[in-house]
Amino acid sequence: MKTYKIATIPGDGIGKEVVPAGQQVLQALAAQSKTFDFEFEDFAWGGDYYRKHGLMMPEDGLDALRDKDAILFGSAGDPDIPDHITLWGLRLKICQGFDQYANVRPTRILPGIDAPLKRCKPEDLNWVIVRENSEGEYAGVGGRVHQGHPLEAATDVSMMTRMGVERIMRFAFQLAQSRPRKLLTVVTKSNAQRHAMVMWDQIALEVSKEFPDVHWDKELVDAATARMVNEPASLDTIVATNLHADILSDLAAALAGSLGIAPTGNIDPERRYPSMFEPIHGSAFDIMGKGLANPVGTFWSVVMLLEHLGEIEATTRVMNALEKITADPLLQTGDLGGTATTVQVTEAVCEALSSA
Ligand code: ATP
Ligand code: MG
């Protein structure tokens with residue numbers, strides 16, 4: 001029997017509701033498995049921790065996570081604390097500390113979901129967005145001078161390195177190659193950003209030579225948004241910079257029906273450190289504590305976590321259970337137009353798992 005060590009970090013807001021729900025699904029799965037089990041350790045980091053200690057997580061927090069097989073994360077964000085503090089103090093600290101340079105965001109329209117694209121068939125939208133997760137526009141390079149003075153100036157430098165671009169490009173080509181259509185779109189803005197984005201394009205061309213069976217094209221980020229809406233079936237795997245993919249993946253989640261459904265994995269492809277899985281939504285304080293949060297994004301993140309652990313059969317089982325649940329209008333939460341609660345959806349998924 002293999003025991004996987006899983007860290008849970010609920011964080012703030014509805015993260016505290018959806019992460020325990022995700023843990024419950026993993027427990028239901030383990031209760032039936034003869035080959036694997038989970039050992040959970042919970043870390044109460046985030047806004048409340050910050051109010052007590054002045055930090056979002058302890059200085060040596062990464063050491064407590066280092067020996068885990070994976071991390072299940074909720075959300076970092078608190079209305080009382082500036083966003084850049086909550087983000088850099090917790091989520092980005094883990095992503096950067098563990099060099100989780102590939103952020104992977106699958107998007108499809110699950111059964112029963114009323115998605116906004118009326119001109120396409122649900123199966124036309126089946127994408128995975130690969131976001132560069134370690135540098136680029138969010139490298140943290142920049143500064144602010146002459147504060148309060150008319151000459152005040154501030155910069156955020158988008159820094160791209162050959163190593164950073166090569167590794168994300170290779171990851172994206174490999175992922176595209178593993179999918180049935182073997183199709184990759186490299187998103188760029190090299191008409192306007194004439195240094196880093198031109199290097200990005202050049203490296204895409206170089207890496208493409210290693211993958212002659214992958215069909216690939218380039219698209220400017222502005223045109224990519226229109227193409228996602230007008231020709232969703234022309235896309236499959238998409239790779240973009242940290243900022244561009246951040247924006248494109250929110251659009252993707254909305255096109256697939258709700259922010260509450262979409263999952264993401266922050267992956268260290270070299271497996272030197274634990275990877276981290278989380279729903280893409282934020283802390284959503286407006287619905288916190290009301291039992292209204294849709295846990296499906298977290299459950300789908302659990303599917304990605306299981307896939308990363310190599311538990312492929314379990315991956316299929318949870319995904320099947322999820323698709324059964326979204327197809328039932330009585331089990332849809334408010335963001336999908338229904339009235340189901342977090343607890344009802346969670347219990348239904350656990351039940352579907354035990355009856356499967
Ligand atoms: P953050 O600042 O951490 O991003 P946020 O308050 O901006 O948090 P988001 O997660 O970005 O919240 O979501 C925007 C809105 O979408 C929320 O205010 C909420 O109403 C809705 N929403 C997001 N996630 C869910 C979910 N899992 N279930 C139901 N509604 C959701
Ligand atoms: Mg938000």
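The following paragraphs describe selected elements of a predicted model, beginning with the annotated domain and then turning to a helix, a set of paired strands, the surroundings of a ligand and several individual residues.

According to the UniProt record, an unreviewed entry, the feature "domain: Isopropylmalate dehydrogenase-like" is placed at residues 5–349. In the predicted model, this span is 39% helix and 22% strand, and the C-alpha atoms at its two ends lie 22 Å apart.

Within the helical part of the structure, α4, which comprises residues 83–97, is not straight, since a bend of about 40 degrees is found at Arg91. Arg91 is also one of the buried residues of this helix, a group that further contains Thr86, Gly89, Leu90, Ile94 and Cys95. The packing partners of these buried residues include both helices and strands: on the helical side they are α2 (47–53) and α3 (61–65), and on the strand side they are β1 (2–11), β3 (70–75), β11 (263–267) and β12 (275–279). Directly after α4 comes Asp99, whose phi is positive at about 45 degrees, although Asp99 is not a glycine. Asp99 belongs to the loop between α4 and β4, and it is classed as partly exposed because 17 other C-beta atoms lie within 10 Å.

Strand β11, one of the elements against which the buried residues of α4 pack, is itself largely enclosed by the rest of the structure, because five of its five residues are buried. In a regular strand, the side chains alternate between the two faces of the sheet. In β11, Pro263, Gly265 and Ile267 lie on one side and Thr264 and Asn266 on the other, and since all of these are buried, both faces of the strand are covered.

Two strands pair with β11, and each does so in the antiparallel sense, β4 (residues 102–108) over three bridges and β12 over four bridges. In the pairing with β4, Ala102 stands opposite Ile267, while Val104 has Gly265 as its bridge partner. In the pairing with β12, Pro263 of β11 stands opposite Pro279. Strand β4 is mostly covered as well, with five of its seven residues buried. Besides its pairing with β11, β4 is joined by seven bridges to β5 (residues 126–132), and these two strands run antiparallel. Within that arrangement, Pro106 of β4 is found opposite Val128 of β5.

The surroundings of ligand 1 comprise 17 residues, of which Gly77, Gly260, His281, Gly282 and Asn294 come nearest. By character, the residues of this shell divide into nine polar, six nonpolar and two charged.

A positive phi is found not only at Asp99, with its value of about 45 degrees, but also at Lys182, where phi is near 50 degrees and the residue is again other than glycine. Lys182 is located in the loop between α5 (162–178) and β8 (183–188). With 16 other C-beta atoms within 10 Å, Lys182 is therefore counted as partly exposed.

Two further residues, Lys2 and Glu351, may be described by their settings and by their distances to other parts of the chain. Lys2 is placed in strand β1, and because it has 12 C-beta neighbours inside 10 Å, it counts as exposed. When its neighbours within four places in sequence are left aside, Lys2 is in contact with Thr35 and Phe36. Although Lys2 and Phe36 are 34 residues apart along the chain, their C-alpha atoms are separated by 4.6 Å. Glu351, in turn, is part of helix α11 (residues 342–355), and its 14 C-beta neighbours inside 10 Å are the reason why it counts as partly exposed. Between Glu351 and Ala204 there is a separation of 147 residues in sequence, and the distance in space from C-alpha to C-alpha is 45 Å.

Key:
Residues numbered from 1 in each chain as written. Chains lettered and ligands numbered in written order. Predicted model: local features only at pLDDT ≥ 70, side-chain atom pairs only at ≥ 80, totals over all residues. Bend = angle between axes of the 7 residues up to and from the residue. Buried ≥ 20, exposed ≤ 12 C-beta atoms within 10 Å, placed from the backbone. Contact = placed C-beta atoms within 7 Å. Near = placed C-beta within 6 Å. Nonpolar A, V, L, I, M, F, W, Y, C, P; charged D, E, K, R; others polar. UniProt positions renumbered as here; feature names shortened; annotations may be inferred. Pairing = 2+ DSSP bridges.
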